[in-house]
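Here is a short report for a reader new to this structure. Please look over the sequence and the model, then read on.

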Amino acid sequence: MAELVFFSGTMDCGKSTLALQMHHNHAARGRDGVLFTRHDRAGTATISSRLGLTKQAHEVDDATDFWHEVIARRTHGRPVDYLIGDEAQFYTAAQVEQLARVVDELGVDVYAFGISTDFRARLFPGAQRFVELADRVDVLQVRALCWCGARATHNARVVGGRMVVEGAQVVVGDVGGADGTAEAADEVQYEVLCRRHHMRRMTAATARAAAPSPQTLRAALLGAEAVEV
């Protein structure tokens, strides 16, 4: 029986990698599938993994109708056994309902991959509708890590190294470097954080700035030794 499955997780937990692996596995068994994505960081009509894997896909926009997409392909002789949708948090609630109809009435498996909450820790409308309608919601088990080493559970928007909590819900960007900073003061990037540091708005860059430097610690230690003498 066909099913609607939503695979959810933060950035850096392997969603796109799993989407491409699942497509490979199904196609290798002779199943016919179609790949969809929206607002991938690598550009239009592309599914890209941070491991370096990329594959062409069909770009979703607000006018996309998944029911018509499947019917059109079947009319031209394609069986369409499954759909894989990456960046599914950006789909509209109506499109999620279309996908549920594709599963129920056309017997097509739908595997959707996306993050659940935005940079403000609020549900994306698409992700919310997937949670409400999916036959199964799977949280990916690959753990993305906060800069503190704890499990990352939230996505933070970072501009110039500082976390922001205002702005448009959808702004495309990628994860920053090891220090969590953006190259330019107005460059939008993202960083995964644990809940504690997301609520404190403490990114890797702000944590590093607040921490005493080795020189400061050495001066403090020398000062303590002088007092003891």
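The second largest pocket has a volume of about 230 Å³. This is a predicted model. Lining the second largest pocket are 17 residues. Those nearest its centre are Gly9, Thr10, Val139, Ala152 and Thr153. By class, this lining holds seven nonpolar, eight polar and two charged residues.

## The largest pocket

The volume of the largest pocket is about 450 Å³. A total of 31 residues line the largest pocket, and the closest to its centre are Met11, Arg41, Arg50, Glu87 and Gln89. Three elements give two or more residues to this lining: helix H1 (15-28), strand S7 (109-114) and strand S9 (154-159). H1 gives the most, with three residues. The lining of the largest pocket divides into 12 nonpolar, 11 polar and eight charged residues.

## Gln89, at the centre of the largest pocket

Gln89 is among the residues closest to the centre of the largest pocket. Where is Gln89 found? Gln89 sits in the loop between S6 and helix H3 (93-106). Is Gln89 buried or exposed? Its relative accessible area is 4%, under the 20% cut-off, so Gln89 counts as buried.

The side chain of Gln89 has polar partners. One is the side chain of Glu87, in a polar contact of 3.0 Å. Glu87 is also listed with the residues closest to the centre of the largest pocket. Another partner is the backbone nitrogen of Ile115, which the side chain of Gln89 reaches at 3.2 Å.

Which residues touch Gln89, leaving aside neighbours within four places in sequence? They are Phe113, Gly114, Ile115, Phe124, Gly126 and Ala127. Ile115 thus appears among the contacts of Gln89, and its backbone nitrogen is the atom reached at 3.2 Å.

## His58 and Arg73

Next comes a pair of residues from a strand and a helix. His58 belongs to strand S5 (residues 58-59). Arg73 belongs to helix H2 (residues 66-75). Their side chains make a polar contact at 3.3 Å.

How exposed is each partner? The relative accessibility of His58 is 39%, between the 20% and 50% cut-offs, so His58 counts as partly exposed. Arg73 has 14% relative accessibility, which is under 20%, so Arg73 counts as buried.

His58 also touches a stretch of the chain that comes before it in sequence. Not counting residues up to four places away, His58 touches Val34, Leu35, Phe36, Thr37 and Arg73. Val34 and His58 are 24 residues apart in sequence, while their C-alpha atoms are 8.0 Å apart in space. Arg73 has its own set of contacts. Leaving aside neighbours within four places in sequence, Arg73 is in contact with Val34, His58, Arg78 and Val80. Val34 therefore appears in both sets, as a contact of His58 and of Arg73.

## Salt bridges

How many salt bridges does a search of the whole structure find? The search finds 10. The table shows some of them, with the distance between the closest N and O atoms.

| Salt bridge | Closest N and O atoms |
|---|---|
| Arg136 and Glu3 | 3.1 Å |
| Arg78 and Asp32 | 3.0 Å |
| Arg136 and Asp138 | 3.1 Å |

Take Arg136 and Glu3, whose closest N and O atoms are 3.1 Å apart. This pair links distant parts of the chain, 133 residues apart. Arg136 lies in strand S8 (residues 136-139), and Glu3 in the segment before strand S1 (4-8). Arg136 is partly exposed at 32% relative accessibility. Glu3 is partly exposed too, with a relative accessible area of 22%.

Arg136 also forms a salt bridge with Asp138. Asp138 counts as partly exposed, at 22% relative accessibility. Salt bridges that share partners join Glu3, Arg136 and Asp138 into one network.

Now turn to the salt bridge between Arg78 and Asp32. Arg78 lies in the loop between H2 and strand S6 (82-85), and Asp32 in the loop between H1 and strand S2 (33-37), so the pair ties together parts that are 46 residues apart in sequence. Arg78 is partly exposed, at 31% relative accessibility. Asp32 is buried, with a relative accessible area of 18%. Arg78 is also one of the contacts of Arg73.

Methods. Residues numbered from 1 in each chain as written. Predicted model: local features only at pLDDT ≥ 70, side-chain atom pairs only at ≥ 80, totals over all residues. Heavy atoms only, no water. 1 Å grid on protein atoms, 1.4 Å probe; cavity = no way out; pocket = protein on both sides within 12 Å on 5 of 7 lines; lining within 4 Å. Points joined across faces, edges and corners; volume = space filled by probe spheres on them. Helix = DSSP H or I, 4+ residues; strand = E, 2+ residues; numbered from the N terminus. Nonpolar A, V, L, I, M, F, W, Y, C, P; charged D, E, K, R; others polar. Buried < 20%, exposed > 50% of the residue type's maximum accessible area, 1.4 Å probe, protein only. Contact = heavy atoms within 4.5 Å. Polar contact = N/O pair within 3.5 Å; in protein donor to acceptor, adjacent residues only side chain to side chain. Salt bridge = Lys/Arg side-chain N within 4 Å of Asp/Glu carboxyl O.
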